[in-house]
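Trainee: I would like to go through this model with you. Can we start from its core and then move outwards?

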Amino acid sequence: MSKETNSSALVHSTPRPSREGQGGESAFFNPEVETLSRAEIEALQLERLQQTVRHCMNNEFYRKKFAEMGITPDDIKSLADVRKLPFTTKQDLRDTYPFGMSCVPLRDCVRLHSSSGTTGNPTVILHTQKDLDEWANQVARNLWMVGLRPDDVFQNSSGYGMFTGGLGFQYGAERLGMLTVPAAAGNSLRQIKFIKDFGTTAIHAIPSYVTRLYEVMQQEGVDPRRDTKLKVLAIGAEPHSEEQRKRIEQMMGVKAYNSFGMSEMCGPGVGFECPEQNGLHFWEDYYIVEIVDPETLEPVPDGEIGELVLTTLCREAMPLLRYRTRDLTRVLGRTCPCGRNHIRLDRMRGRSDDMIVLRGVNIFPIQIEKILMQFPEVGTNYLITLVTEDNNDQMIVEVELNEATDDYGKLKGLEQELRHRLGDEILLKPIVRIVAKGTLPVSEGKAVRVVDKRKVFE
Ligand code: ADP
Ligand code: ZN
């Protein structure tokens, strides 16, 4: 099968944003796709799954997998048949590094992204021009959904380069038609100057950076409500709790929408909250969403936590079948008052590899964050350190105080209270230390919340 046949089968039209004035304009960037009924979504998914599986036959890795499992593209007759397909993992991407998962010749690819390879080979994701076009549409769809229009000024305060939050939002915001400022991460004084001088109305950044930006605004006497035109924040790329989001909204005086993405699925744009803020809409014209039990790999019922597994439906360069994201979440619903029937997932608990196992208890950092953020006396920066003391594993939770104080009696009381509340949530009582504002480390990129210094006993 020639590449032309395959790719033309996968092509679907690039929507143009409506540029009609206020009032008459659509609430949807791509009304045709965003307002599909469940039955229509599923019909489209089946058609695209069949095309994708046929397209995978261009790749040796998939051909071998299919042969081992005794399946051919003709076996995909219904959407449920997705379960006949092999899972793929980050390890597969590493094993086939750099280009072994590609389904098109390298000369047809125009971009490469790579995610951080802390151990072993990094992972490589290839894109054709059409993949990039679709990705820009996806991001533009999300930004339109939360009320952004071509008149808005979008400042992307996220890392650029290999990190997909940079170019992903850049092209998406441009596709929507906004004036887009590639401010990149860091240099908060310059960020604030841009926000004021350019009349920035929307920012994308990781949540831990938004709180940093706000601190600098405070130091500079800048009140985001009074001194800026901000109206929307897109926050994502790292796990954060509902409480953290509320904090950010209160600080900045605007709505903050959760944005989910991962390099393997292209980057940002995979899932995004609508104005209802009732979970992340995952775009089912682009992905098949499965939630499975990470042990048995069997589907879990709606509402139950499991591992998110995604199958790409429109990717040319590197389609991924049943990719095990390691992110843990659950299905919240398949309809929404906003008029979109694309599946809604809960905010991510974290990745299964982020889970702390302490004295046999499983804990996610986000559970700790949720409790800390309920106390207005403490700030948003915190650090969890695991140590071994007298042959006993312990958790130390350090959190910064919001304001300066010398009322040590009150601090001791607060530490005790936090210890109790955390004990109720995570089922073991950590040591809590409240430290002065600005003393905990701030990471350049995604926040580092856990440091494990436990001794390993053989
Ligand atoms: P890396 O794998 O190097 O961290 P990615 O940028 O591809 O690079 O990271 C994707 C991961 O980031 C996701 O699998 C998920 O764990 C996390 N992530 C992204 N967006 C969110 C979000 N909105 N909430 C929670 N976690 C997120
Ligand atoms: Zn919605």
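Trainee: Which residues touch the most other members of the largest nonpolar core, and which helix gives the most to this core?

Mentor: Keep in mind that this is a predicted model. The largest nonpolar core has 68 residues, and Tyr62, Leu85, Leu143, Phe282 and Leu308 touch the most other members. The helix that gives the most, with 7 residues, spans 129-145 and is α6.

Trainee: How many residues are in the second core?

Mentor: This core is separate from the largest one. Its members include Ile368, Phe375, Val378 and Leu411. The count is 25 residues.

Trainee: Which core residues that touch the most other members does Phe282 contact, leaving aside neighbours within four places in sequence?

Mentor: Phe282 is in contact with Phe260, Val270, Gly271, Val289, Leu308, Leu310, His342, Ile343, Leu345 and Met348. Set that beside Tyr62, Leu85, Leu143 and Leu308 from the core. The name on both lists is Leu308.

Trainee: What is the strand order of the open sheet of 4 strands, and which strands are at its edges?

Mentor: The pairing is antiparallel, and the order is β10-β11-β12-β15. Each edge strand pairs on one side only. Those are β10 (287-292) and β15 (350-351).

Trainee: What is the bridge partner of Val309 in β12?

Mentor: Strands β11 (residues 306-312) and β12 (residues 323-329) pair in the antiparallel sense over 4 bridges. Val309 falls in the β11 range. Its partner in β12 is Arg324.

Trainee: Is Met162 buried or partly exposed?

Mentor: Met162 lies in the loop between β3 (153-156) and α7 (164-176). With Phe99, Leu106 and Leu112, Met162 makes a nonpolar surface patch of about 340 Å². Buried means under 20% relative accessible area. Met162 has 43%, so Met162 is partly exposed.

Note on methods
Residues numbered from 1 in each chain as written. Chains lettered and ligands numbered in written order. Predicted model: local features only at pLDDT ≥ 70, side-chain atom pairs only at ≥ 80, totals over all residues. Heavy atoms only, no water. Pairing = 2+ DSSP bridges. Helix = DSSP H or I, 4+ residues; strand = E, 2+ residues; numbered from the N terminus. Core = buried A, V, L, I, M, F, W, Y, C linked by side-chain atoms within 4.5 Å. Buried < 20%, exposed > 50% of the residue type's maximum accessible area, 1.4 Å probe, protein only. Contact = heavy atoms within 4.5 Å. Patch = residues over 30% accessible without salt bridge, like charges linked within 9 Å, V, L, I, M, F, W, Y side chains within 5 Å. Areas by Shrake-Rupley, 256 points an atom, 1.4 Å probe, with all protein chains shown as cover. Salt bridge = Lys/Arg side-chain N within 4 Å of Asp/Glu carboxyl O.
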